[in-house]
There are 2 protein chains.
Amino acid sequence: VTRNAKTGTVYLVGAGPGAPDLLTVRAVRLLGEADIVFHDALVPAEVLLLAAKAQKVAVGKRCGKHSTAQRFINKRLLDAAREHRVVVRLKGGDPMLFGRAHEEISFLEDQNIKVEVVPGITSALAASAELKISLTRRGTARSVAFVTPRLGEGEAPSNWARAVAAADTAVLYMAATDAQAVVRALSEAGVKSAAPIVVAESVSLAGRALHTGTLADLPRLVARCSGGPALILIGEVFEAAQVLAELGPVRRTASHSA
Amino acid sequence: VTRNAKTGTVYLVGAGPGAPDLLTVRAVRLLGEADIVFHDALVPAEVLLLAAKAQKVAVGKRCGKHSTAQRFINKRLLDAAREHRVVVRLKGGDPMLFGRAHEEISFLEDQNIKVEVVPGITSALAASAELKISLTRRGTARSVAFVTPRLGEGEAPSNWARAVAAADTAVLYMAATDAQAVVRALSEAGVKSAAPIVVAESVSLAGRALHTGTLADLPRLVARCSGGPALILIGEVFEAAQVLAELGPVRRTASHSA
């Protein structure tokens with residue numbers, strides 16, 4: 001099978017947690033070269049400015065809001081690759097973590113379109129940097145799990161809570177919208193209600209906030225969020241975060257249940 | 001407590017997997033401003049070139065080789081912060097994953113030295129990008145665990161194998177030196193010997209290689225490595241990697257036990 005010489009390449013690029021200087025050098029270069037950029041709703045305007053000459057197309061996806069159907073995104077990427085040399089699909093965080101990259105890659109490769117993936121800083125690591133707490137603090141944690149309770153349509157229930165319970169540290173993505181259900185599932189899996197947690201909102205951005213407490217406090221901590229994307233971090237390493245609750249350059253709140 | 005006005009800041013910076021253009025923009029800027037850089041042995045020369053005006057000091061750590069004692073590194077960072085404005089501690093991958101960041105941060109903060117952390121691309125995500133296989137492929141994986149079997153001196157045994165068994169996908173860091181023990185521990189934890197694996201060596205660098213097979217093949221796959229840093233990736237999502245074994249721009253090998 002030969003590729004049309006005029007067909008472009010689709011780059012799945014990680015936009016990182018939000019701060020423009022947390023993109024990789026490779027990502028910035030590709031955005032500068034891009035003819036067209038298809039981006040998630042969560043990618044900030046300052047990041048999109050890096051794609052100076054590109055047409056920008058928002059294609060979802062913001063939690064809870066209606067997002068462009070995946071099939072439609074796939075089709076638009078294909079059309080763009082037939083028309084342009086450099087097509088960028090810009091995804092928040094890292095494209096290979098909870099990003100539905102697989103659907104886009106397999107569709108495009110089936111259509112004989114060249115695909116490259118450029119990794120990005122996933123927000124769990126940016127949150128860890130802001131907290132200055134290692135996810136795998138020696139002596140306390142030798143494993144960290146990144147999970148989501150979120151399922152696709154028709155997807156079989158996953159055992160995400162078991163993965164959290166078995167790891168020393170865990171980070172939950174796209175989990176803050178149903179805090180009660182998260183607490184229930186984790187308790188059933190054996191996570192103690194006194195386990196230290198941090199809810200990290202809008203990591204790396206101006207409106208960032210860190211809310212600390214225990215698993216039992218989760219609903220209250222989530223209620224304090226201002227609507228930005230939020231991560232839930234759980235584990236003994238975050239005991240240190242409780243002490244820091246009133247300190248530091250970012251908005252911090254602490255909650256302790258009796 | 002007041003800080004000496006002349007005291008510098010120590011930046012713990014992630015160097016990413018090795019390719020210089022996989023550093024973040026922030027990391028590149030700080031390297032350019034650095035007066036002195038303390039770096040792991042695994043950070044490639046091309047990355048160190050970004051610290052044009054800085055004094056460079058290698059402070060370990062390469063698997064299996066004798067590395068500078070952590071206490072000595074801490075002391076050197078402290079002395080440097082008292083002498084210089086911008087001190088960079090450059091760590092392979094992300095500084096908060098398996099990087100002993102905690103020891104350095106807590107020591108420096110106890111000495112009233114300002115510390116900032118700049119996240120980096122961890123090699124698991126760079127390997128996923130090279131494989132073009134999502135670590136959390138929808139319908140197959142909703143959790144991924146990053147673990148290490150490696151323990152510090154006097155550290156209590158961890159249940160890393162249980163964390164691997166409970167997650168849909170797992171990535172093992174610093175685990176390739178004792179493949180037999182890894183297979184044994186994972187089998188005891190309930191991971192099937194037919195579980196698809198990829199050994200990813202020197203991710204993002206010119207000498208990179210992807211070796212695919214099953215857990216039972218691990219010792220053979222590791223024996224094919226050329227001595228670069230190697231990751232072990234495990235999970236159903238890597239079934240696709242078996243098909244790709246002879247393709248692509250990087251050196252790939254496949255092994256299948258009968």
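**Exercise 1. Say whether Tyr173(B) is buried or exposed, and then do the same for Phe98(B).**

Tyr173(B) has a relative accessible area of 8%. Residues under 20% count as buried, so Tyr173(B) is buried. Keep in mind as you work that this is a predicted model. Now turn to Phe98(B): its relative accessibility is 12%, and by the 20% cut-off Phe98(B) is buried as well.

**Exercise 2. Classify the ring pair formed by Phe98(B) and Tyr173(B), and find which parts of the chain it ties together.**

Start with the wider count: over all chains, the structure holds five aromatic pairs. In the pair of Phe98(B) and Tyr173(B), the ring centres are 4.9 Å apart and the planes stand at 45 degrees. Stacked pairs need planes under 30 degrees apart and edge-to-face pairs over 60, so this pair is tilted.

Next, place each ring. Phe98(B) sits in the loop between strand S4 (86-91) and helix H4 (101-110) of chain B. Tyr173(B) sits in the loop between strand S7 (169-172) and helix H7 (179-188) of chain B. The pair therefore ties together parts that are 75 residues apart in sequence.

Finally, look across both chains: ring pairs link Phe98(A), Phe146(A), Tyr173(A), Phe98(B), Phe146(B) and Tyr173(B) into a cluster.

**Exercise 3. Work out how chain A and chain B are related, and whether the copies meet through the same surface or different ones.**

Chain A superposes on chain B after a rotation of 180 degrees with 0.0 Å of shift along the axis, at an RMSD of 0.0 Å. That is the relation of a two-fold axis. Now compare the interfaces: 100% of the interface residues of chain A are also interface residues in chain B, so the copies meet through the same surface.

**Exercise 4. Describe helix H3 of chain A: its span, its buried face and what covers that face.**

H3(A) runs over residues 70-83, 14 residues in total. From first C-alpha to last it reaches 20 Å, close to the 20 Å expected at 1.5 Å a residue.

Sort its residues next. Gln70(A), Ile73(A), Asn74(A), Leu77(A), Leu78(A), Ala80(A) and Ala81(A) are buried. Viewed down the helix axis, the buried residues fall within an arc of 165 degrees, so they line one face of H3(A). Arg71(A), Arg82(A) and Glu83(A), on the other side, are exposed.

To finish, find the cover. It includes strands S1 (9-14), S2 (36-39) and S4 (86-91), together with helix H4 (101-110), of chain A.

Methods
Residues are numbered from 1 along each chain as its sequence is written. Chains are lettered from A and ligands numbered from 1 in the order in which they are written. This is a predicted model: local features need pLDDT of at least 70, side-chain atom pairs count only at pLDDT 80 or more; totals for chains, interfaces and linings use all residues. Side-chain values use heavy atoms; hydrogens and water are left out. Copies are superposed by least squares on the C-alpha atoms of residues with pLDDT of at least 70 in both. Contact means heavy atoms within 4.5 Å. Helices (H or I, at least four residues) and strands (E, at least two) are DSSP runs, numbered from the N terminus. The expected span of a helix is 1.5 Å times one less than its number of residues. Buried means under 20% relative accessible area, exposed over 50%, partly exposed in between (1.4 Å probe, protein chains only). The arc is that of the directions from the helix axis to the C-beta atoms. Rings of Phe, Tyr and Trp (its six-membered ring) pair if their centres lie within 6.5 Å; planes under 30 degrees apart count as stacked, over 60 as edge-to-face and the rest as tilted.
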